[in-house]
Each structure stands twice: as structure tokens, then as C-alpha cells.
Amino acid sequence: MSLRTVIYCGVCSFPPEFCEFTGKLKRCKVWLLENHPEKYQSLYGDAEVEDAAAKLAGSSIGEEREEKLEKDLLKLQSKQENREQRELAKKLSSKVIIKREARTKRKTMVAIAGLEVFEIDMKKLAKTFASKFATGCSVSKNAEKKEEIIIQGDVADEAETYIQKLLEEKGLKEVKVEQMDMKKKKKPTTTTPTPAA
Amino acid sequence: MFRKEDVHSRSNVKSSVQRTLKTKLVSQFPKLEEVIDELVPKKSHVELIKCEDKIQLYAVDGEVCFFQKFDELIPTLKLVHKFPEAFPTVQVDRGAIKFVLSGANIMCPGLTSPGAQLPEAPGLEKDALVIVKAENKESALAVGRLLMSTEDIKSINKGHGVEMIHHLGDPLWTFSVE
């Protein structure tokens with residue numbers, strides 16, 4: 001006698017039989033078809049052919065209750081889908097802003113704002129930045145009471161590529177990462193004077 | 001049972017403690033004896049994770065296999081799926097699945113209807129640990145404790161039958177040992 005291996009759905013983490021109760025059934029089905037086609041066949045393959053009648057026969061809780069259950073599940077599913085769509089739209093419409101600010105003379109710092117929408121752990125990211133660029137890096141609140149990552153040193157470009165990679169991994173390639181330069185004008189006295197003088 | 005996981009401390013388990021753990025498991029679930037070496041291999045890395053409310057989790061090679069509150073060891077569903085034969089089982093009907101997955105206690109009617117199954121007489125005593133299966137489904141979906149004996153469930157058929165301890169999708173299920 002040996003241990004059994006169980007397939008777990010990559011979308012909802014349940015055994016595939018229970019996917020229908022999570023409200024993510026559509027995505028679960030796609031995943032299962034791609035990864036375990038034979039399992040898909042046994043679960044969903046014949047159900048579509050033989051229609052709901054066979055399903056009812058196999059169930060014991062009566063037609064009425066089965067119908068209600070089905071309806072509830074459908075409702076749950078559409079609710080979940082709507083929510084996911086909303087969240088995705090929100091994510092796509094927001095953007096990450098990387099600001100490069102000058103401090104004194106040749107010293108600069110970089111502030112990254114707008115990450116909280118993407119479910120990125122800012123504290124952890126700050127830590128990785130700190131070790132990656134060998135600089136000081138922290139999370140602090142900016143003027144609008146939003147959290148942002150402050151990196152000391154001129155690493156705006158590197159940070160941008162890193163964040164873009166991070167977003168790509170999450171499947172959010174279209175999100176805009178914007179870089180802004182808040183450099184003090186180097187020689188304000190020479191550029192600003194009007195030609196009138 | 002788990003609202004939110006809150007890890008207080010984690011430590012590696014000595015191999016001697018690991019041995020006692022194995023004997024305890026076998027004494028609690030005799031059928032596990034055949035596969036215990038497969039479940040907890042000799043060279044495996046067992047970690048003890050202490051959580052809030054004196055709950056302790058045992059993770060074998062990065063997968064939570066048991067947890068413990070007070071004295072009794074309770075298998076997690078990951079383990080139950082691997083070897084379901086070792087544990088006493090009850091089955092609920094299709095209508096109950098939805099509620100079980102959201103963490104409700106199981107009511108008696110859901111255990112006695114045609115789609116459900118209870119062990120034959122003499123059945124199980126009150127307070128026994130059971131795994132909960134569902135109609136037409138192969139895998140278990142919850143672990144619970146009987147609030148009345150299975151014979152009582154059959155005869156009284158009212159009120160709470162099984163107290164929910166652990167179900168698919170609860171914080172323990174989603175808990176990951178980094």
C-alpha cells in the first residue's frame with residue numbers, strides 16, 4: 001500500500017473536483033485542460049454530452065435543491081468574475097511613479113509610489129532593493145499619506161527595470177511605469193535670465 | 001479553528017522527538033503504520049511551527065502534515081488526500097458542500113440524507129476525529145470532530161453533528177511554509 005498523489009488545481013488550489021464550488025470554475029477548467037487533460041475528460045468530458053439529466057440522476061438531493069444549488073453556484077461565479085475584472089481594470093488603470101529627487105549636490109534619492117495596488121509587499125521589496133543596490137532603502141509615507149519606497153542613490157533606471165520585471169511576472173505587462181525627474185536645475189541663474197537684459 | 005495564522009516561533013524537530021511523534025501517530029491511527037516511513041522519511045526535515053492559541057503545526061519537508069491543539073494530533077487535508085483509508089470517514093450530500101467549504105459545522109440532516117454516508121453500527125463515539133467526504137467526490141473536503149456519536153446522529157437527526165476543524169480553503173489550507 002502506498003501513498004496517493006492528488007492533483008491540486010493551479011488556480012484555486014483545491015482538488016479539481018471541488019473547483020465548481022470556488023466560483024473560479026472557468027479558469028480552473030482551462031488550467032485543468034492544459035495540465036491534466038485526462039482528468040478533465042473524466043470530470044467534465046461526459047457531463048457536457050449527457051446533459052444535466054445524468055447529473056440529476058446521480059445526485060440524491062432532489063431536482064429542486066439541485067437546481068437551487070446550481071443557481072447559487074452560477075451567481076457566485078459571476079460575482080467572482082465581476083470582482084476580478086474590476087480589480088484587473090483598477091490595476092491596469094493605475095501606474096507606478098518613480099521619482100528621482102535631488103538632495104544635496106551630487107546626491108540623489110529615488111521615491112517609488114503606487115505599488116500598493118499590485119499586492120507587492122513594500123517592506124520586502126525595500127529590503128531587496130537595499131541589498132541589490134547596496135544602499136539605504138526604506139518605506140515611508142509621502143505627502144499624500146500613501147506609502148512609498150525611498151531608495152538612496154541614483155538607481156531610478158535599475159529600479160524601473162526591476163519593477164517592470166516584477167509586474168511582468170504577475171502578468172501585468174501593460175501597467176505603466178513612469179519615471180519623473182525632479183532634479184533641481186543645475187544652474188538656475190544662467191538659464192532663467194531673460195534675453196531682455 | 002484557525003482564524004488567522006500567526007506564527008510565534010518555528011524550530012527544527014530533533015530526530016528523537018520525530019520518532020516519538022511517529023509512534024504517537026501510529027497509536028492514534030493504526031492504519032498509518034504501513035506508510036509512516038513514507039510519510040515521514042527517516043532523513044526528512046521536520047519543522048515545528050508554534051502559532052497562536054497554543055496551536056502547533058508539524059511540517060515535513062515543507063508541507064504541513066499535522067497540527068496539534070492540546071494533545072491530539074490532527075492530520076491536515078494534504079495528508080488525508082494522500083492516504084484517506086487511515087481515518088474514520090463520514091460523507092455529506094451534495095447540498096452541504098457549499099456550506100462546508102465556507103467553514104460551517106455540519107448539521108445532522110446533511111449526514112443522514114440519501115447522498116450521505118455514516119459508518120455502520122456501532123459507529124463512532126462522540127468527540128471522535130473524522131474526515132468529511134462528499135457525495136460523488138473522491139477527495140475529502142474537511143476534517144472535523146463528532147459532536148454526538150454517529151448512532152445519535154442517525155436517531156436524533158437534528159442540530160450540529162460535526163464540528164469543523166479544518167476545511168478546504170481555510171487559513172491552514174492556504175498556509176505556506178516558505
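Visitor: Why is A:Arg83 called partly exposed?

Guide: In this predicted model, the relative accessibility of A:Arg83 is 44%, and the label partly exposed belongs to values that are neither under 20% nor over 50%. Since 44% falls between those two limits, A:Arg83 counts as partly exposed. The residue is found in helix H3 of chain A, which covers residues 63-93.

Visitor: Which residues form the positive surface patch, and what makes A:Arg83 accessible enough to belong to a patch?

Guide: The patch is formed by A:Lys71, A:Lys75, A:Lys79, A:Arg83 and A:Arg86, and it is called positive because Lys and Arg count as positive. A patch residue needs over 30% relative accessible area, and A:Arg83, with its 44%, therefore meets that requirement.

Visitor: What is the wider setting in chain A, in terms of helices and strands?

Guide: Chain A has 6 helices and 5 strands, and from the N terminus on they follow the order α-α-α-β-β-α-β-β-α-β-α. Of its 197 residues, 32% count as buried, while its accessible surface comes to about 13,400 Å², with carbon and sulfur atoms accounting for 52% of that area.

Visitor: Why does A:His36 count as partly exposed?

Guide: Its relative accessibility is 22%, and because buried means under 20%, while exposed means over 50%, A:His36 falls into the class in between. A:His36 is found in the loop between helix H1 (25-35) and helix H2 (37-58) of chain A. Leaving aside residues up to four places away in sequence, A:His36 touches A:Ile7 and A:Trp31. A:Cys9 and A:His36 are 27 residues apart in sequence, and their C-alpha atoms are 9.7 Å apart in space.

Visitor: What is noted about the phi of A:Ala134, and why is A:Ala134 called exposed?

Guide: The phi of A:Ala134 is near 55°, which is a positive value in a residue other than glycine. As for the label, the relative accessibility of A:Ala134 is 68%, and since exposed means over 50%, A:Ala134 counts as exposed. This alanine is found in the loop between helix H4 (122-133) and strand S3 (137-141) of chain A.

Visitor: Turning to chain B, how do you know that the side chains of B:Glu47 and B:Arg10 meet in a salt bridge?

Guide: The distance from N to O is 3.7 Å, and because a salt bridge requires a side-chain nitrogen of Lys or Arg within 4 Å of a carboxyl oxygen of Asp or Glu, the pair qualifies. The pair links distant parts of the chain, for B:Glu47 is in strand S2 (residues 46-51) and B:Arg10 is in strand S1 (residues 7-12), 37 residues apart. A search of the whole structure finds 1 salt bridge over all chains.

Visitor: Are B:Glu47 and B:Arg10 buried or partly exposed?

Guide: B:Glu47 has a relative accessibility of 14%, and because that is under 20%, B:Glu47 counts as buried. B:Arg10 has a relative accessible area of 35%, which is between 20% and 50%, so B:Arg10 is partly exposed.

Visitor: What makes helix H4 of chain B mostly covered?

Guide: Of the 8 residues in this helix, which covers residues 94-101, 6 are buried; these are B:Arg94, B:Gly95, B:Ala96, B:Ile97, B:Val100 and B:Leu101. Just after the helix, B:Gly103 takes a positive phi of about 95°. B:Ala104 lies in the loop between H4 and strand S7 (106-107) of chain B, and because its relative accessibility is 31%, between the 20% and 50% limits, B:Ala104 counts as partly exposed.

Visitor: Why is B:Leu129 called buried, and which residues does B:Leu129 touch?

Guide: The relative accessible area of B:Leu129 is 9%, and since buried means under 20%, the label follows. B:Leu129 is found in strand S8 (residues 129-134) of chain B, and the residues that B:Leu129 touches, not counting those up to four places away in sequence, include B:Phe29, B:Glu72, B:Pro88 and B:Ile165. B:Glu72 is 57 residues from B:Leu129 in sequence, with 9.5 Å between their C-alpha atoms.

How values were computed. Residues are numbered from 1 along each chain as its sequence is written. Chains are lettered from A and ligands numbered from 1 in the order in which they are written. This is a predicted model: local features need pLDDT of at least 70, side-chain atom pairs count only at pLDDT 80 or more; totals for chains, interfaces and linings use all residues. Side-chain values use heavy atoms; hydrogens and water are left out. Patches are made of residues with over 30% relative accessible area and no salt bridge: like charges are joined within 9 Å, nonpolar side chains (Val, Leu, Ile, Met, Phe, Trp, Tyr) within 5 Å. Accessible areas come from the Shrake-Rupley method with a 1.4 Å probe; for residues, only the protein chains shown count as cover. The place of a charge is taken as NZ of Lys, CZ of Arg, CG of Asp or CD of Glu. Helices (H or I, at least four residues) and strands (E, at least two) are DSSP runs, numbered from the N terminus. Buried means under 20% relative accessible area, exposed over 50%, partly exposed in between (1.4 Å probe, protein chains only). Contact means heavy atoms within 4.5 Å.
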